[in-house]
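Welcome, and take a moment to look around. Below you will find the sequence and the structure, followed by a short guided tour.

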Amino acid sequence: MKKFLKEAQHTREKVVDIEKLVFQIREYHSKITGAAARNEEVHEKLNQAMENIRRLFDTVKVALKKMDEESKALSQKKDAEKKRPADIRIIRAQHTTLQRWFFETWTEYNECQSDYREKCKEKLTRQIQITEKKVTQEEINTMIESGKFTVFSINAQFQQRGIEEMESRHHDITKLAESLKQLHEMFKDLALMVEQQGE
């Protein structure tokens with residue numbers, strides 16, 4: 001039982017670390033969307049934080065799966081070999097609580113990423129409209145999706161910087177889309193774990 005509680009505490013600490021990283025990522029997103037020019041240092045910190053979250057997600061996912069297997073194994077032991085019923089309830093309660101908390105934290109991260117993507121799109125749209133006055137919403141959407149900003153007639157240094165910033169934002173949006181795909185896969189794994197726990 002002590003070993004299980006120690007593992008549960010370790011897992012709890014990892015979820016707290018994920019929460020802290022989500023907070024940091026929100027701050028980086030705010031700095032990026034509020035900045036007039038691309039800040040490579042902030043982008044590098046953001047990428048590092050996102051990589052750390054993915055690593056922690058995998059660690060917590062494995063720990064929760066192990067806890068679930070231990071809980072099921074205890075329930076299936078013969079009566080003489082079973083631990084006390086109170087221990088089994090504690091193990092199940094710890095697992096359920098950690099899993100729910102982890103899911104809520106991961107949902108918050110997903111919302112954070114979605115909000116950032118929308119803010120990047122809004123900023124990119126504003127920049128396109130400022131740089132080229134006669135661009136329709138359909139053309140803006142096409143440019144965002146394709147990453148091609150060549151419709152602009154570049155005749156001033158200001159416009160060139162705007163184009164470079166837009167391309168940078170598009171790169172960020174593309175990278176975020178990849179992250180959201182990975183996040184979706186992680187959610188599917190987590191949903192499978194929750195479904196298996198209910199069985």
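Is V16 buried, partly exposed or exposed? With a relative accessible area of 28%, V16 is partly exposed, because that value falls between the 20% limit for buried and the 50% limit for exposed. Keep in mind as you read on that this is a predicted model.

## The overall plan

Let us step back to the whole chain. It has 5 helices and 0 strands, so if you follow the elements from the N terminus on, you read α-α-α-α-α. Of the 199 residues in the chain, 37% are buried.

Contacts between distant positions matter for reading this fold. Among the contacts in the chain with a separation of 6 or more, 76% are between residues 24 or more positions apart. V16 offers an example of distant positions brought together in space: this residue sits in helix α1, and its C-alpha atom is 9.6 Å from that of W101, although 85 residues separate V16 and W101 along the chain.## F102 and the nonpolar core

The largest nonpolar core has 40 residues, and I25, F102, W106 and Y109 are the ones that touch the most other members. Helices α1 (2-34), α2, α3 and α5 each give two or more residues to this core. The largest share, 11 residues, comes from α2.

F102 is a good residue to find on your screen. This phenylalanine is found in helix α3 and counts as buried, because its relative accessibility is 0%. Leaving aside neighbours within four places in sequence, F102 is in contact with V15, I18, F57, V60, L64 and L190. The C-alpha atoms of F102 and R12 are separated by 8.7 Å, with the two positions 90 residues apart along the chain.

## Aromatic rings

A pair of aromatic rings is described by the distance of the centres and the angle of the planes. How many aromatic pairs does a search of the whole structure find? The search finds 5 of them. One is formed by F103 and F187, with 5.6 Å from centre to centre and 90° between the planes, which makes the pair edge-to-face. This pair links distant parts of the chain: F103 belongs to helix α3 (residues 85-131) and F187 to helix α5 (residues 157-198), and the two are 84 residues apart. F103 is partly exposed, with a relative accessible area of 35%, whereas F187 counts as buried at 17%.

Why is the pair of W106 and Y109 called tilted? The ring centres are 5.1 Å apart and the planes stand at 45°, so the pair is tilted: an angle under 30 degrees would count as stacked and one over 60 as edge-to-face. W106 and Y109 are 3 residues apart in helix α3, so about one helical turn separates them. W106 counts as buried at 1% relative accessibility, and Y109 is buried too, with a relative accessible area of 2%. Together with F57 and F102, W106 and Y109 form one aromatic cluster.

## A cavity and its lining

Which residues line the largest cavity? The lining is made of K65, D68, H95, Q99, M193 and Q196. Helices α2 (40-76), α3 and α5 are the elements that give two or more residues to this lining. By class, the lining has 1 nonpolar, 3 polar and 2 charged residues. The space inside comes to about 30 Å³, and the count of cavities of 30 Å³ or more is 1.

H95, one of the lining residues, lies in helix α3. Is H95 buried or exposed? H95 is buried, because its relative accessible area is 3%. Not counting residues up to four places away in sequence, H95 touches L64, M67, D68 and Q197. D68 is also part of the cavity lining, and L64 is also among the contacts of F102.

Conventions. Residues are numbered from 1 along each chain as its sequence is written. This is a predicted model: local features need pLDDT of at least 70, side-chain atom pairs count only at pLDDT 80 or more; totals for chains, interfaces and linings use all residues. Side-chain values use heavy atoms; hydrogens and water are left out. Rings of Phe, Tyr and Trp (its six-membered ring) pair if their centres lie within 6.5 Å; planes under 30 degrees apart count as stacked, over 60 as edge-to-face and the rest as tilted. Helices (H or I, at least four residues) and strands (E, at least two) are DSSP runs, numbered from the N terminus. Buried means under 20% relative accessible area, exposed over 50%, partly exposed in between (1.4 Å probe, protein chains only). On a 1 Å grid over the protein atoms alone, a cavity is a set of points where a 1.4 Å probe fits but cannot get out, and a pocket is an open set with protein on both sides within 12 Å along at least five of seven lines; lining residues have an atom within 4 Å of a point. Grid points are joined across faces, edges and corners, and a volume is the space filled by probe spheres set on the points. Ala, Val, Leu, Ile, Met, Phe, Trp, Tyr, Cys and Pro count as nonpolar, Asp, Glu, Lys and Arg as charged, and the others, Gly among them, as polar. A nonpolar core is a set of buried Ala, Val, Leu, Ile, Met, Phe, Trp, Tyr and Cys residues joined through side-chain atoms within 4.5 Å. Contact means heavy atoms within 4.5 Å.
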